[in-house]
Amino acid sequence: MRFSQQMRDLNWLVARPIAHRGLHDANKIENSESAFAAAIKHNYAIECDVQLTADGEAMVFHDDTVERLLDGLGPVKSFTTSHLKKRSFKNSPDRVQTLGELLEQVAGRVTLVIELKTLWDGNLALAQRSAEILKAYDGPCALMSYDPEMITHLANASPTIIRGIIGEQLADDTYKYLPAEQNLALRRLSHLPHTNPHFISYYFRDLPCQPVAQFRAAGNPVITFTIRNREQEAYAKRYCDQVTFQDYLA
């Protein structure tokens, strides 16, 4: 395919495979300093997640609640930054980082693709805080989210930050509580004129997908997730420009 100028400008986004939550394994916890250090060592791009704390900080953490990975119970949003940082990961000396601390660790050496987690409650504080932190960062990075409201906010308030929308067919129970109209709009990516993303990250098992194919045919980059072996990688690369992977070395 012939890449548009925008795609050429975003070559850094798709130049290297993207390590899902860092290069983690049985000895390195996901979204941890150790997992990110391993990804940097292998010159992989890094995908990570951020959640909002009770005091409005962007913390590098995937789940809405802490109990799977940390000692403790409750939603991330109920903890202050200092309280979270006092808790170590289970079976690991690593502690939860702020987004600012992650940027200091990476220091522009590899690409960062940062997912803004959402509670689908209309709260845009995480998008705003993350954008504020990234303003002072010179390395290659992008923000993305499943939530169109967050990405629309970035498009309007921080248009120079590279932004992406995450998509899938939403077939599992994770989104069953969303209104049917909203669920349908997410599946069809009908929000694209408003979110105006620079790229799409799409679940590989739901490819091919017509809106994604049209977006890519227009010269825009598409990445996919989460690839766990070479066979899945070969399939995904028929429809995307780079893979987000784990459990093997891409």
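## Close-up views of a predicted model

**View 1. Ala54 and its partners from farther along the chain.** Setting aside residues up to four places away in sequence, Ala54 touches Val76, Lys77, Ser78, Phe79 and Thr80. Everything shown in these views comes from a predicted model. To find Ala54, look in the loop between β2 and β3 (58-60). Is this residue buried, partly exposed or exposed? Ala54 is partly exposed, with a relative accessible area of 48%. For a sense of scale, pick out Leu186 as well: Ala54 and Leu186 are 132 residues apart along the chain, and their C-alpha atoms are separated by 28 Å.

**View 2. Helix α7 and its buried side.** Helix α7 runs over residues 148-157, and Pro148, Met150, Ile151, Leu154 and Ala155 are its buried residues to look for. These five lie on the same side of α7, because they cover an arc of only 165 degrees around the axis. What do the buried residues of α7 pack against? Their neighbours include the strands β4 (112-116), β5 (141-145) and β6 (163-167). Helices take part too: α6 (125-134), α8 (180-188) and α9 (192-195) pack against the buried residues of α7. At the N-terminal end of α7, Asp147 acts as a cap. A side-chain oxygen of Asp147 lies 2.9 Å from the backbone nitrogen of Glu149.

**View 3. The loop between α8 and α9.** Two residues of this loop deserve a look, Leu189 and His191. Leu189 has a phi near 55 degrees, which is a positive value in a residue other than glycine. Most residues other than glycine have a negative phi. Leu189 is also buried, with a relative accessible area of 3%. His191 counts as buried because its relative accessible area is 9%, a value under the 20% limit. Which residues does His191 contact, once its neighbours within four places in sequence are left aside? The contacts of His191 are Pro148, Ile165, Ala185 and Leu186. Pro148 is already familiar as one of the buried residues of helix α7.

**View 4. Ala107, another residue with positive phi.** Ala107 sits in the loop between α5 (99-106) and β4. Its phi is near 50 degrees, a positive value in a residue other than glycine.

**View 5. A cis peptide bond and Tyr235.** The peptide bond from Leu207 to Pro208 is cis, with omega near 5 degrees. Most peptide bonds are trans. Pro208 belongs to the loop between β7 and α10 (210-217). Now turn to Tyr235, which is part of helix α11 (residues 230-236). Leaving aside neighbours within four places in sequence, Tyr235 is in contact with both Leu207 and Pro208, and also with Phe204. Tyr235 and Phe204 are 31 residues apart in sequence, yet 8.3 Å apart in space, C-alpha to C-alpha. With 28% relative accessibility, Tyr235 counts as partly exposed.

**View 6. The largest pocket.** This pocket has a volume of about 710 Å³. Which of its 29 lining residues are the closest to the centre? They are Arg21, His62, Lys117, Tyr146 and Tyr175. Strands contribute to the lining as well, with β2 (45-52), β7 (199-203) and β8 (222-227) each supplying at least two residues. Sorted by class, the lining of the largest pocket has 11 charged, 9 polar and 9 nonpolar residues.

**View 7. The second largest pocket.** Here the volume is about 220 Å³. There are 15 lining residues, and the closest to the centre of the second largest pocket are Leu52, Lys77, Leu119, Asp121 and Asn123. You may recognise Lys77 as one of the residues that Ala54 touches. By class, the lining of the second largest pocket divides into 6 nonpolar, 5 polar and 4 charged residues.

**View 8. The largest cavity.** How many cavities of 30 Å³ or more are there? The count comes to 1. The largest cavity has a volume of about 30 Å³. Around it you will find Tyr146, Ile166, Gly167, Glu168, Leu170 and Leu186. The lining of the largest cavity consists of 4 nonpolar residues, 1 polar and 1 charged. Two of these names have come up in earlier views: Tyr146 is among the residues closest to the centre of the largest pocket, and Leu186 is one of the contacts of His191.

Note on methods. Residues are numbered from 1 along each chain as its sequence is written. This is a predicted model: local features need pLDDT of at least 70, side-chain atom pairs count only at pLDDT 80 or more; totals for chains, interfaces and linings use all residues. Side-chain values use heavy atoms; hydrogens and water are left out. Buried means under 20% relative accessible area, exposed over 50%, partly exposed in between (1.4 Å probe, protein chains only). Helices (H or I, at least four residues) and strands (E, at least two) are DSSP runs, numbered from the N terminus. The arc is that of the directions from the helix axis to the C-beta atoms. Contact means heavy atoms within 4.5 Å. A polar contact is a pair of N or O atoms within 3.5 Å; within protein, one must be able to donate a hydrogen and the other to accept it, and residues adjacent in sequence count only if both atoms are side-chain atoms. On a 1 Å grid over the protein atoms alone, a cavity is a set of points where a 1.4 Å probe fits but cannot get out, and a pocket is an open set with protein on both sides within 12 Å along at least five of seven lines; lining residues have an atom within 4 Å of a point. Grid points are joined across faces, edges and corners, and a volume is the space filled by probe spheres set on the points. Ala, Val, Leu, Ile, Met, Phe, Trp, Tyr, Cys and Pro count as nonpolar, Asp, Glu, Lys and Arg as charged, and the others, Gly among them, as polar.
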